[in-house]
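I open this notebook to record what I looked up in the structure, entry by entry.

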Amino acid sequence: MLRNGFFIFLLFTAFLAKSQSSENDFSTQYWLDLVPKWNLKGQSDLKLDLGYRTISPQTWQRFILRGQYEYYSYDLLFKSANTKERLIGGLGLFYLDAFEGSNSLEIRPMQGYQLDLEINSYLSIYQLLRFEERFEMKFDSNQDNDFGFRIRYKAQMDYEIGDLVFQKGTGFYIPFYVEVFLNIVSIKQFNDVLRISPGIGYQFNSDFKIQLTAAYQYTYEEFKELTRTNNVVFRLAVYKTIF
């Protein structure tokens, strides 16, 4: 299973690289995320996301700070021992450093619902529905500020590699997710439409894991009067529960 997971991941990465070399509308992005989490009292968690995004060739970079509060329940809508439900609220700040264009700051409130389903000791499925309001402020006085609103749905599967799990909650796992974005009101930049992302991860213990994914992302944006629609995204994410 581990060999199959690595093969799928490498095959998908090779496909992205081949597509990028053969199509002139492909770009490559690199994402780094540090995601600490705190367990609060009363069935609730607090998460932060410290992120960095860049593109090749490097025409911009993006700095991200997101805070998210989650209240979870085991019997909110579905009364099953294998389900966990989360009500989510948060706020994100996205600063765009455009090297030859206009810098901007996006303020993004968000509200959502997530259903976690544990199929068995190895396979878990997550479904997330989230609403996002996007307030983009331009630092160039010649450009107007922008407002957007979108709905996003994400379906994710995590499969633990049974042969390499020394104890439950540790070892290699294969993450795979598909995310669909419905842009009710679009802004000029970063209007994602579809994201498909396989990967590989390693869980050191129940509080610490690291994950590498390679994604195809379809996005509509007008940046420096140039429309990009296809993106290859390599993302490294580190997840750590503080307490």
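**Entry 1. The cis peptide bond and unusual phi values**

I began with proline 57, which sits in the loop between β2 and β3 (60-73). The model is a predicted one. I checked the peptide bond from serine 56 to proline 57 and found it cis, with omega near 0°. I note as background that most peptide bonds are trans and that most residues other than glycine have a negative phi.

I then looked up positive phi values in residues other than glycine. Glutamine 43 has a phi near 55°, and I located glutamine 43 in the loop between β1 and β2. I recorded glutamine 43 as partly exposed, because its relative accessible area is 34% and the cut-off for buried is under 20%. Phenylalanine 190 also has a positive phi, near 60°. I placed phenylalanine 190 in the loop between β8 (171-185) and β9. With a relative accessible area of 9%, phenylalanine 190 is buried.

**Entry 2. The β1-β2 hairpin**

Which strands flank the turn that holds glycine 42? I found that β1 and β2 form a hairpin with three residues between them, and that glycine 42 in this turn has a positive phi of about 75°. The pairing of β1 with strand β2 (residues 44-56) is antiparallel and runs over 11 bridges. I noted asparagine 39 opposite aspartate 45 of β2.

**Entry 3. The chain as a whole**

I counted one helix and 11 strands in the chain. Read along the sequence, the order is α-β-β-β-β-β-β-β-β-β-β-β. The chain has 243 residues, of which 45% count as buried. I also looked up contacts between residues at least 6 apart in sequence: 55% of them join residues at least 24 apart. For the accessible surface I recorded about 12900 Å², with 61% belonging to carbon and sulfur atoms.

**Entry 4. Salt bridges**

I turned to charged pairs, since side chains of opposite charge can pair when their charged atoms come close. The count of salt bridges comes to 18.

I looked at aspartate 116 and arginine 86, whose side chains meet in a salt bridge at 2.8 Å, N to O. This pair links distant parts of the chain, with aspartate 116 in strand β5 (residues 104-118) and arginine 86 in strand β4 (residues 83-98), 30 residues apart. Are these partners buried or exposed? Aspartate 116 is buried, at 7% relative accessibility. Arginine 86 is buried as well, with a relative accessible area of 11%.

I next examined arginine 134 and glutamate 106, which form a salt bridge at 2.9 Å, N to O. Arginine 134 belongs to strand β6 (residues 123-138) and glutamate 106 to strand β5, so this salt bridge ties together parts that are 28 residues apart in sequence. I recorded both arginine 134 and glutamate 106 as buried.

A further salt bridge joins the side chains of arginine 130 and glutamate 132, at 3.0 Å, N to O. Both arginine 130 and glutamate 132 are buried. I followed the shared partners and arrived at one network of salt bridges, made up of Arg62, Glu106, Arg108, Arg130, Glu132, Arg134, Arg150, Arg152, Glu179, Asp192 and Arg195.

**Entry 5. Threonine 219**

I looked up the surroundings of threonine 219, a residue of strand β10. Threonine 219 is buried, with a relative accessible area of 1%. What does its side chain contact? I found a polar contact with the side chain of aspartate 192 at 2.8 Å, and a polar contact with the side chain of asparagine 231 at 3.3 Å. Asp192 is also a member of the salt-bridge network recorded above.

**Entry 6. A nonpolar surface patch**

Last, I looked at the surface. I found a nonpolar patch formed by Leu32, Leu34, Leu50, Leu65, Leu91, Leu93, Phe204, Ile210, Leu212 and Leu236, with about 780 Å² of accessible area together. The elements that give two or more residues to this patch are β1 (26-40), β4 and β10 (208-223).

I singled out phenylalanine 204, which lies in strand β9 (residues 191-205). I recorded phenylalanine 204 as partly exposed, because its relative accessibility is 42% and the partly exposed class lies between under 20% and over 50%.

How values were computed
Residues numbered from 1 in each chain as written. Predicted model: local features only at pLDDT ≥ 70, side-chain atom pairs only at ≥ 80, totals over all residues. Heavy atoms only, no water. Salt bridge = Lys/Arg side-chain N within 4 Å of Asp/Glu carboxyl O. Helix = DSSP H or I, 4+ residues; strand = E, 2+ residues; numbered from the N terminus. Buried < 20%, exposed > 50% of the residue type's maximum accessible area, 1.4 Å probe, protein only. Patch = residues over 30% accessible without salt bridge, like charges linked within 9 Å, V, L, I, M, F, W, Y side chains within 5 Å. Areas by Shrake-Rupley, 256 points an atom, 1.4 Å probe, with all protein chains shown as cover. Pairing = 2+ DSSP bridges. Contact = heavy atoms within 4.5 Å. Polar contact = N/O pair within 3.5 Å; in protein donor to acceptor, adjacent residues only side chain to side chain.
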